[in-house]
Amino acid sequence: MQIARTGLGVAAATSVAALAATALTAAAPAAAPHTLAVPAVVGHTLAHRVSSPLSSAQCQAKWQISCYTPLQYRTAYDLNALYRKGVTGKGRTIVIVDSYGSPTVQHDLDVYSKQFGLPSTKVKVVKWGHVPAFDPKNSDMTGWAGETTLDVEMAHAVAPAAKIVVVETAVSETEGTTGLPEMMDAEKYMIDHGVGDVISQSFGATENTFPGFAKGDFSSIRKLRYAFQDADRKKVTVLAASGDGGATDLQADGKTYYKKRVNSWPSSDPLVTSVGGTQLHLDDKGHRVKPDSVYNDYGSGGGGQSHVFTRPSFQNGVKKVVGTRRGTPDISMSAAVNGGAWIYSSFDPTATGWDVSGGTSEATPLFAGIVALADQAAGHRLGNIQKRLYALSSYRSKGTGIVDVNDGTDNSYEGVTGYKAVNGYDLATGVGTVDALRFVPALVKQKP
């Protein structure tokens, strides 16, 4: 989600995960489910022509929102002490998958890094299929480019020494296909060829929109799980944004929200760690002025019960909350627009400059960076972290690095009553958020 950008035009940022390496070609599957894969963001523009990042105090005065730099995030999530110990993500690779990608992603990351005194890193790009030439006048493409930019810069902000691979897929919504099979094919290829330790996905489709759902036939979703099953075998961690629709989500038209509680895939998949959203309350140095809340402003952190998947064993300890169903999210990171992240982009020559972005499409690559740090600390891939995560949460100890979000705020959205952030696991923020200095070593030590 974008709310501020320099230049003349602003496109809503979109989200998905990105891949990278060399150019690849893939044929579209014969039978694609007629379901719209929607980036996990909701666009909102508050300002144009921001010449450079402003302080939070300046953002409050100008737009009545807070806006944060990666340096503030590093303090908020207690990352600096890890960096001093050499835990920077070195030797690990984050894979991000987005339709179309961004033609300026390397340049933009270099500018972003220089602005905040960070070392930059090489972004490798994999083109999956016949990716069309980038057209800055195409709103689909600029939306995905905005998402690609957000994904890459947030992952780099947390794991500055990790390699980043962006996978660009070639499917357009206007061609009558959804992109999900292509995305899953691309991810499986990356996994099979050893590219990537963690995959960050900031896209989703409401479970109810898949063919057969109304009749209780969930085969169209289950047939798309092959990449995640492969990742589970190969010890690759897979993350997905829980969405920006609170306890509801979009209908098949991609514009109208359901008037009831629903969930979205791939976030709802038990083989995926679902990343929800919080609102940070920080001063200009990154210190909290009050505890985190649920993300609920120009969107709301997705969460609730899956209608497709039953409760996985790793959630047996929270069955009083999730019931017999798979519950999301599992964990949460910064996503609110009031507290959004500064990013830099130049893919649109009429709107080059700095934006403020939010959404669970921000939270997911942030957490991908945390996983990359943990993989480096472990000296190997941690793979599916769900059992470790819920075991740590059950200890209710500060030593685990899991920070409960329990201030009573909720993820109600579009007239659909959501869930409150309460003590322990909840369907607004999952187990909570993280203090990385404690969470990274605790995750490594915890038995899977």
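A disulfide joins Cys 59 to Cys 67, with 1.7 Å from S to S. The model is predicted, and a search of the whole structure finds one disulfide. The link between Cys 59 and Cys 67 is right-handed, with 90 degrees about the S-S bond. Are its two ends buried or exposed? Cys 59 is buried, at a relative accessible area of 0%. Cys 67 is buried too, and its relative accessible area is 0%.

**The whole protein**

Now step back to the full chain. The protein has 448 residues, and 63% of them count as buried. Its secondary structure comes to 12 helices and 20 strands. The exposed surface is about 15800 Å². Carbon and sulfur atoms supply 51% of that surface. How do the contacts spread along the sequence? Take the contacts between residues at least 6 apart in sequence: 81% of them join residues at least 24 apart.

**A run of paired strands**

Start with strand β8, which covers residues 198-201. Val 198 and Ser 200 point one way from β8. Ile 199 and Gln 201 point the other way. All four residues named here are buried.

Which strands pair with β8? Strand β5, residues 93-99, is joined to β8 by three bridges, and the two run parallel. Strand β10, residues 237-241, pairs with β8 over four bridges, again in the parallel sense.

β10 has a further partner. It pairs with strand β12, residues 273-279, in the parallel sense over three bridges. Why is β10 described as largely enclosed by the rest of the structure? Five of its five residues are buried, so the rest of the structure largely encloses it. Thr 237, Leu 239 and Ala 241 point one way from β10, while Val 238 and Ala 240 point the other way.

The table lists bridge partners in these strands.

| Residue | Partner | Strand of the partner |
|---|---|---|
| Ile 94 | Val 198 | β8 |
| Val 198 | Thr 237 | β10 |
| Gln 201 | Ala 240 | β10 |
| Leu 239 | Thr 273 | β12 |

Val 198 appears twice: it is the partner of Ile 94, and it stands opposite Thr 237.

**Gly 196, in the loop before β8**

Gly 196 lies in the loop between α6 (180-192) and β8. It is buried, with a relative accessible area of 5%. Which residues does Gly 196 touch, beyond those up to four places away in sequence? They are Thr 93, Val 95, Val 236 and Arg 381. Gly 196 and Thr 237 are 41 residues apart in sequence. In space, they are 9.0 Å apart, C-alpha to C-alpha.

**Ser 99, in β5**

Ser 99 has its place in strand β5. Ser 99 counts as buried, at 3% relative accessibility. Its side chain makes a polar contact of 3.1 Å with the side chain of Thr 169. Leaving aside neighbours within four places in sequence, Ser 99 is in contact with Trp 144, Thr 169, Val 171 and Met 183. Thr 169 therefore turns up both as a polar partner and among the contacts of Ser 99.

**Helix α4**

Helix α4 spans residues 105-115. Which of its residues are buried? Val 105, Asp 108, Leu 109, Tyr 112 and Ser 113 are. They cover an arc of only 135 degrees around the axis, so they sit on the same side of α4. What covers them? The cover includes the helices α2 (70-76) and α5 (139-158). It also includes the strands β6 (123-128), β17 (340-345) and β18 (353-357). Just after α4, Gly 117 takes a positive phi of about 70 degrees.

**Ser 300, in a loop**

Where is Ser 300 found? It is in the loop between β13 (293-294) and β14 (304-310). Ser 300 is buried, with a relative accessible area of 0%. A polar atom of its side chain lies 3.5 Å from the backbone oxygen of Asn 411.

Ser 300 also touches residues from other parts of the sequence, not counting those up to four places away. Among them are Gly 243, Asp 244, Gly 245 and Gly 246. Asp 410, Asn 411, Ser 412 and Tyr 413 are included too, as is Tyr 295.

Terms used
Residues are numbered from 1 along each chain as its sequence is written. This is a predicted model: local features need pLDDT of at least 70, side-chain atom pairs count only at pLDDT 80 or more; totals for chains, interfaces and linings use all residues. Side-chain values use heavy atoms; hydrogens and water are left out. Buried means under 20% relative accessible area, exposed over 50%, partly exposed in between (1.4 Å probe, protein chains only). Contact means heavy atoms within 4.5 Å. Accessible areas come from the Shrake-Rupley method with a 1.4 Å probe; for residues, only the protein chains shown count as cover. Two strands pair if DSSP finds at least two bridges between them. The arc is that of the directions from the helix axis to the C-beta atoms. A polar contact is a pair of N or O atoms within 3.5 Å; within protein, one must be able to donate a hydrogen and the other to accept it, and residues adjacent in sequence count only if both atoms are side-chain atoms. A disulfide is a pair of cysteine sulfur atoms within 2.5 Å.
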